[in-house]
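Hello,

Here is the structure I promised to pass on to you. Please open it beside this email and follow along as you read.

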Amino acid sequence: MKRKKLINKVNKEELKQKMLESTEPRMTLSFYQYAKIEDPQTFRDQLFLEWSELEVCGRTYVASEGINGQVSLPKKNMEAFRTQLYQFPFLNGIRLNIAIEDDGKSFYVLKIKVKDKILADGLNEEGFDVTNIGKHLDAESFNQLAEDPNTIIIDMRNHYESEVGHFENAITPDVETFRESLPIIEKMLEDAKDKNLVMYCTGGIRCEKASAYYKYRGFKNVFQLEGGIIEYARQVEQNGLENKFKGKNFVFDDRLGERISEEVISNCHQCGEPSDRHNNCANDPCHILFIQCESCAEKYNNCCSDKCSDFIQLPEEEQLERRKTESFNGTKFGKGRYKAHRSDHSL
């Protein structure tokens with residue numbers, strides 16, 4: 001018998017408008033767990049049915065290797081959600097990272113997808129055990145190890161994330177994906193396998209897999225920041241610790257960032273003034289991710305260039321026709337690679 005497809009059937013824009021008009025308190029959280037899931041599709045469908053009842057929105061990936069979720073839900077349903085999640089033995093007691101700067105309106109629809117992996121890594125090596133991970137560090141231990149001259153701190157995130165915020169003295173690889181970062185970092189550190197290798201990312205999932213990989217590749221002292229930047233910021237505030245993170249934490253929802261410290265360490269890609277405000281170009285055929293100050297956002301109608309700004313003011317029929325032949329920054333550059341520092345008239 002053919003399985004009934006469980007998906008959201010309401011228009012996203014309609015759901016977004018309803019969410020924005022609602023006054024019900026919501027919260028955003030993320031979690032992950034590596035585990036062996038025998039039937040990811042059945043597991044996915046069960047989650048979709050139960051979470052729909054709890055008004056959960058967000059993006060979750062399920063695979064035979066585990067689950068990776070970023071969701072929002074009404075605060076009143078938090079305990080029911082936790083209870084529902086903990087009913088699965090491999091998720092019982094799982095850490096839930098609660099967003100820092102957030103009104104809970106970060107997602108508008110529920111999407112749960114079955115994937116080959118919960119985190120694309122490009123690894124197909126025999127003998128690699130994803131559960132043989134590095135040692136977890138809390139915020140205090142991280143700060144202490146960061147002061148050790150024998151320590152190397154590695155940012156496991158992408159360049160457009162670390163551009164707006166990173167830990168002091170961290171190595172920030174110029175990469176666009178986690179997949180490409182693994183071999184690049186290994187080559188960078190090929191003569192440092194006896195050093196303290198301390199990794200961090202947004203919520204911990206990338207470091208969980210990376211720490212296991214680098215142990216497998218012969219690194220002796222591998223550590224990871226438990227709960228990532230999100231949990232670090234929480235512990236720093238709660239325990240009055242020194243905050244070694246400078247700037248903003250990039251997040252993959254409509255907020256595009258949450259402030260961890262007051263420093264602004266990046267610049268607007270259009271005028272060069274200090275800014276850590278990420279934006280997606282308002283011209284949908286472009287949609288490139290870039291850093292744009294509020295002044296340039298007003299000047300260019302939330303677009304990355306004069307060309308895109310002019311394009312979105314054309315009649316819709318003309319836009320549709322010109323989409324067939326026009327090329328924009330989002331067509332030409334990789335994610336976050338656009339750095340004009342000026343109005344771009346040439347495209």
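**Asn77 and its surroundings**

Asn77 has a relative accessible area of 12%, so this residue counts as buried, the cut-off being under 20%. Before going further, please keep in mind that this is a predicted model. You will find Asn77 in the loop that runs between strand 3 (66-74) and helix 3 (78-86). If we set aside residues up to four places away in sequence, Asn77 touches Leu54 and Glu55.

**Glu55 and helix 2**

Glu55 deserves a visit of its own. It sits in the loop between helix 2 and strand 2, just after the end of helix 2. Is Glu55 buried or partly exposed? Its relative accessibility is 39%, so Glu55 counts as partly exposed. Its phi is near 60 degrees, a positive value in a residue that is not glycine. For background, most residues other than glycine have a negative phi.

Now step back along the chain to helix 2, which covers residues 40-53. This helix has 14 residues and reaches 20 Å from its first C-alpha to its last, close to the 20 Å expected at 1.5 Å a residue. Which residues of helix 2 are buried? They are Pro40, Phe43, Arg44, Asp45, Leu47, Phe48 and Trp51. The cover over these buried residues includes strand 1 (26-34), strand 2 (57-63), strand 3, helix 3 and strand 5 (110-114).

**Asn301 and Lys307**

Another positive phi turns up at Asn301, with a value of about 55 degrees, although Asn301 is not a glycine. Look for Asn301 in the loop between helix 9 (294-299) and helix 10. With a relative accessible area of 32%, Asn301 is partly exposed.

Helix 10 spans residues 306-311, and Lys307 is part of it. Lys307 has a relative accessible area of 21%, so it is partly exposed, as buried would require a value under 20%. Try selecting Lys307 together with Ala192: they are 115 residues apart along the chain, and their C-alpha atoms are separated by 47 Å.

**Ser275**

Where is Ser275? It lies in the loop between strand 12 (258-259) and strand 13 (278-280). Ser275 is buried, with a relative accessible area of 7%. Leaving aside its neighbours within four places in sequence, Ser275 is in contact with Val264, Ser266, Asn267, Cys268, Ile291, Gln292 and Cys293.

**The whole chain**

Finally, zoom out. The protein chain has 12 helices and 14 strands. Its radius of gyration is 21 Å, close to the 20 Å that the globule rule gives for 347 residues, so the chain is as compact as a globular protein of that length. Along its principal axes, the C-alpha trace spans about 60 × 55 × 45 Å.

How much of the chain is buried? Of the 347 residues, 50% count as buried. Among contacts between residues at least 6 apart in sequence, 69% join residues at least 24 apart. The accessible surface of the chain comes to about 17300 Å², and 46% of that belongs to carbon and sulfur atoms. As for charges, the chain has 49 positive and 58 negative ones, and the mean positions of the two groups are 4 Å apart.

Enjoy exploring, and do write back with your questions.

Best wishes

Technical notes: Residues are numbered from 1 along each chain as its sequence is written. This is a predicted model: local features need pLDDT of at least 70, side-chain atom pairs count only at pLDDT 80 or more; totals for chains, interfaces and linings use all residues. Side-chain values use heavy atoms; hydrogens and water are left out. Helices (H or I, at least four residues) and strands (E, at least two) are DSSP runs, numbered from the N terminus. The radius of gyration is taken over C-alpha atoms; the globule rule is 2.2 Å times the number of residues to the power 0.38. Buried means under 20% relative accessible area, exposed over 50%, partly exposed in between (1.4 Å probe, protein chains only). Contact means heavy atoms within 4.5 Å. Accessible areas come from the Shrake-Rupley method with a 1.4 Å probe; for residues, only the protein chains shown count as cover. Lys and Arg count as positive and Asp and Glu as negative; His and the chain ends are not counted. The place of a charge is taken as NZ of Lys, CZ of Arg, CG of Asp or CD of Glu. The expected span of a helix is 1.5 Å times one less than its number of residues.
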